[in-house]
Amino acid sequence: MALSLLLSVMMLLSMMMVVGIAWRQNEESVKQESFLLHNAWKDTRQDLMTNIRDYSFWGEAWNHLHLKMDKVWAFDQQNLGPGLYSEYHYEGVFVVDGQGRTTYSVINGKLSDLPLESWLGIYAAPLIAKVRLLAADEGATTMNAMIGSTPAIVAAAPITTGKVPGLKTLPGPPSVMVFVSRFTPEKLKIFGDSVGVANARIPESSQDAFMTPFIQEPVADAMPIVIRWDSDEPGRELLWVLLPMLLAAAIVLGLVARRVINHAMQNALLCDERFLQLVHSQRELAASEARFRDVAETASDWIWETDEAGVISYLSGRFVAATGYAVEKLLDKSLDHLLQHDTQPVSCWLLQLRLEDCYRQSLRCYVITASGEKRICSLVANAVAVNGQIVGYRGTVSDVTQEIESQARIHYLSQHDTLTGLPNRLYMSEFLLSRLQAHPTADRPLVLISLDLDHFKPINDTWGHAAGDSVLNEVAHRLRSVLKAGDLVSRQGGDEFIIIVSDLHGEQEIDACCQALLDEICRPFQLGQQDIFIGASMGIALAPDDAIQADELLRLADIALYKSKREGRNRWTWYSAEMAEQLVLRREMERNLRKAIAGNELRLFYQPRYCLNKSRLDGAEALIRWEHPTSGLIMPDKFIALAEETGLILDISDWVLHKACQDALSWPKSMYVSVNISPMEFRDGNLAVRVAQALQASGLEASRLELEITENITLENPQSALEVMQALKSLGVKLTVDDFGAGHASLGYLKTFPFDGMKMDRSYMNDFPHSSQAMSIVEGIIGLGKAFSLTVTAEGIETREQLQQLQAIACQEGQGYYLGRPMPLERFNRLLDAPELPS
Ligand code: C2E
Ligand code: MG
Ligand code: MG
């Protein structure tokens with residue numbers, strides 16, 4: 001690039017120099033021509049001066065031209081005749097006498113009458129006057145003049161005696177001789193040619209007048225005479241010759257330079273590339289070294305190198321931090337000094353590495369650090385070969401202690417429940433499999449207990465999850481405390497546990513174990529200052545009697561557990577073959593029940609309730625029936641529990657509420673209808689809203705609707721139950737405790753909850769009124785109800801005796817087969833016509 005620039009500059013300079021030289025040459029030439037032309041003009045004037053002096057300071061001329069005008073002497077005898085024109089090219093020759101008259105004139109070599117002034121114009125008079133002054137000194141004069149458009153040199157001199165002896169100068173002005181040399185274009189050209197100046201001319205146009213070259217010859221009191229010519233411009237020739245050569249040279253040079261530059265560029269690129277490659281590889285090398293250093297120093301691994309015998313030749317700095325040993329102490333020692341393996345010396349393992357298969361071989365080994373700590377390491381080794389011969393080994397050592405501990409921890413976590421620390425489902429499955437593989441026998445069976453806590457959910461709901469968690473932890477601890485070392489208790493999730501026990505002989509021992517477990521769970525749990533009670537339901541399945549497959553065993557224990565739950569909880573149940581069948585039947589029933597709700601197979605029966613004081617029909621309890629297309633009328637105790645378990649109860653109850661309200665609307669306004677509400681509806685359903693909707697849809701007065709609720713709802717989550725009941729009360733409906741005395745609730749709830757009445761459980765009628773004990777209990781309950789301002793209804797009145805006795809002890813209301821069985825609406829409506837109490 002620089003070279004081409006240099007060459008270009010040089011070429012430009014050369015051209016400028018050539019142009020400069022040419023210009024100088026032209027200038028010199030013009031100067032020379034000007035000089036020559038000017039000198040020629042001067043010479044012409046000088047010649048004219050010389051000639052006119054010769055002719056005018058001549059005695060003969062004095063005699064023949066001044067004293068008298070002798071034209072014969074002058075013209076004919078050629079003393080001042082045509083010869084001046086032909087020889088000297090004086091176009092005008094004049095003689096003017098002392099009075100200023102032109103006495104002789106020869107124009108272009110011919111005698112003429114023209115006076116001087118008509119030819120010379122304004123120049124004539126001053127010229128004559130000036131010349132006459134010169135007469136005394138025989139002086140002559142020349143001047144430049146423009147005659148028309150033709151330049152001319154005019155010479156004038158007084159005609160004198162020429163100092164010829166004998167001739168006397170007369171007084172008066174002398175005659176004046178005038179020669180005029182006119183430079184016509186042709187003459188001017190010849191004039192120029194005579195000095196080697198081409199095409200001398202008066203400017204042909206005003207444009208030409210301002211061109212070069214030119215000379216100026218002064219004219220008195222007028223514009224100077226400008227003479228132009230064509231300079232031969234030698235420089236131009238030089239340019240014509242040299243410039244093409246220079247251009248050609250420039251082009252050739254340019255091409256050559258281009259080739260050279262290209263070549264140079266290629267070479268340079270090549271060099272650059274090599275240079276860059278070199279720099280790059282050096283940088284890479286440096287980077288790689290730095291990287292190695294960084295990796296060696298910052299990685300948690302340390303790098304080692306040994307010779308072919310396994311003797312340490314290099315240990316990276318990281319080694320010191322990792323082991324606490326000084327590098328120097330281990331250099332030149334066998335790798336075995338540093339790394340140990342349980343079954344073989346590490347060097348043996350190293351030396352058996354072969355070139356072909358040694359890439360990244362690794363060995364789990366350990367190092368005892370300077371502080372005596374055992375660290376588990378992963379040794380990775382490569383053989384180093386030169387010319388196919390192993391000359392040493394190198395590799396890394398990673399401390400994997402933490403990783404292994406983490407793995408162990410992860411393994412532990414994956415197999416244990418994080419909350420209780422008990423084995424989880426995964427661990428239990430593996431444990432169960434291993435126990436089943438030990439082939440338990442009928443004598444020494446493997447006992448699998450599926451355990452589910454009762455009433456645990458309300459703890460979470462009422463006390464919060466932290467409380468729930470602490471109860472679960474305590475449960476885990478208590479269960480564990482019952483079992484022996486080889487047994488397992490695992491948490492399946494939520495409040496479900498699996499217990500696997502072996503070494504129990506016979507039913508009694510198993511029952512005892514279950515009782516112990518239940519006792520532990522039934523002990524109160526302390527939450528702050530409060531004692532909380534929960535229970536547990538259990539299901540038992542045995543291997544090999546019930547099943548020998550793990551999954552099957554679990555399933556059967558679950559079936560048994562299910563039965564425990566259904567049968568009132570807080571118990572254990574042994575699995576039996578019928579249970580499975582029942583379960584299948586239940587599943588079937590569940591399907592059918594779903595269809596029944598959609599298919600309008602549900603019916604409402606009404607059982608009359610009488611006011612015993614007034615002996616009148618007071619209202620009715622709505623009792624559901626399922627009119628199965630093939631099985632006939634199914635009673636609620638066959639499907640309500642199922643509906644509660646499956647959640648179908650909400651749909652069923654909605655239907656009951658709407659239908660009951662609708663039916664009761666046609667009854668006398670004094671009569672009410674009571675509807676049974678499942679405890680489940682207190683937990684999950686938006687009960688108050690649903691009841692309000694039923695009332696609104698039917699238009700039944702809220703005070704004519706009574707809801708029968710079992711006392712158990714007061715146990716699970718008393719606070720939320722109270723809130724629901726208050727919401728119901730605010731609607732205006734009545735609330736009654738159903739089956740009072742059948743559950744576990746303490747009597748205190750009668751005070752806490754806003755009940756309007758209680759229905760004494762029909763079991764109290766069993767021995768009533770014959771047993772005095774039953775008699776006093778019933779009396780007590782009636783008294784209690786009255787004490788709490790509750791309307792007491794006796795359920796299950798089956799005999800006349802019972803009725804009369806209840807009336808005798810002032811029980812307010814009664815219901816039972818004796819008074820009327822549950823019946824379809826039509827029949828109950830007919831009863832409205834005879835509402836008296838049967839006697
Ligand atoms: P419950 O609320 O205690 O209803 C009274 C049950 O006692 C009725 O049985 C009724 O037929 C029966 N009963 C009445 N008088 C006598 C008698 O003198 N002797 C005997 N042995 N039994 C008598 P049912 O209709 O089979 O109802 C059983 C239970 O089913 C009801 O007990 C109630 O808890 C539940 N139930 C019935 N209908 C519904 C309902 O619509 N919703 C809900 N959630 N539960 C319902
Ligand atoms: Mg009832
Ligand atoms: Mg009842």
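This short dialogue reads the interface of domain 3 and domain 4 in a predicted model.

Q: Into which domains is the chain divided?
A: The chain has domain 1 (57–182), domain 2 (300–404), domain 3 (416–575) and domain 4 (597–824).

Q: How many Å separate the centres of domain 3 and domain 4?
A: Taken over C-alpha atoms, the separation is 36 Å. The contact draws 6 residues from domain 3 and 4 residues from domain 4.

Q: How do I read the size of an interface?
A: It is often given as the accessible area lost when the parts come together. Here, domain 3 and domain 4 bury about 440 Å² between them. Carbon and sulfur atoms carry 46% of that area.

Q: Which three residues of domain 3 supply more of the area buried against domain 4 than any other three?
A: Look at P458, T462 and Y562. Together they supply 58% of the area that domain 3 buries against domain 4.

Q: What about salt bridges and polar contact across the interface?
A: Take the two counts separately. Between domain 3 and domain 4 there are 0 salt bridges by the rule. There is 1 residue pair in polar contact, with both residues at pLDDT 80 or more.

Q: Which helices supply at least two residues each to the side of domain 3 that touches domain 4?
A: They are α15 (457–463) and α18 (550–566). α15 gives the most to this side, with 3 residues.

Q: How many residues of each class does that side of domain 3 have?
A: The side touching domain 4 splits into 2 nonpolar, 2 polar and 2 charged residues.

Definitions and conventions: Residues are numbered from 1 along each chain as its sequence is written. Chains are lettered from A and ligands numbered from 1 in the order in which they are written. This is a predicted model: local features need pLDDT of at least 70, side-chain atom pairs count only at pLDDT 80 or more; totals for chains, interfaces and linings use all residues. Side-chain values use heavy atoms; hydrogens and water are left out. Domain bounds come from an automatic or database domain assignment. Contact means heavy atoms within 4.5 Å. Buried area is the accessible area (1.4 Å probe) that two parts lose on being put together, summed over both. A salt bridge is a side-chain nitrogen of Lys or Arg within 4 Å of a carboxyl oxygen of Asp or Glu. A polar contact is a pair of N or O atoms within 3.5 Å; within protein, one must be able to donate a hydrogen and the other to accept it, and residues adjacent in sequence count only if both atoms are side-chain atoms. Helices (H or I, at least four residues) and strands (E, at least two) are DSSP runs, numbered from the N terminus. Ala, Val, Leu, Ile, Met, Phe, Trp, Tyr, Cys and Pro count as nonpolar, Asp, Glu, Lys and Arg as charged, and the others, Gly among them, as polar.
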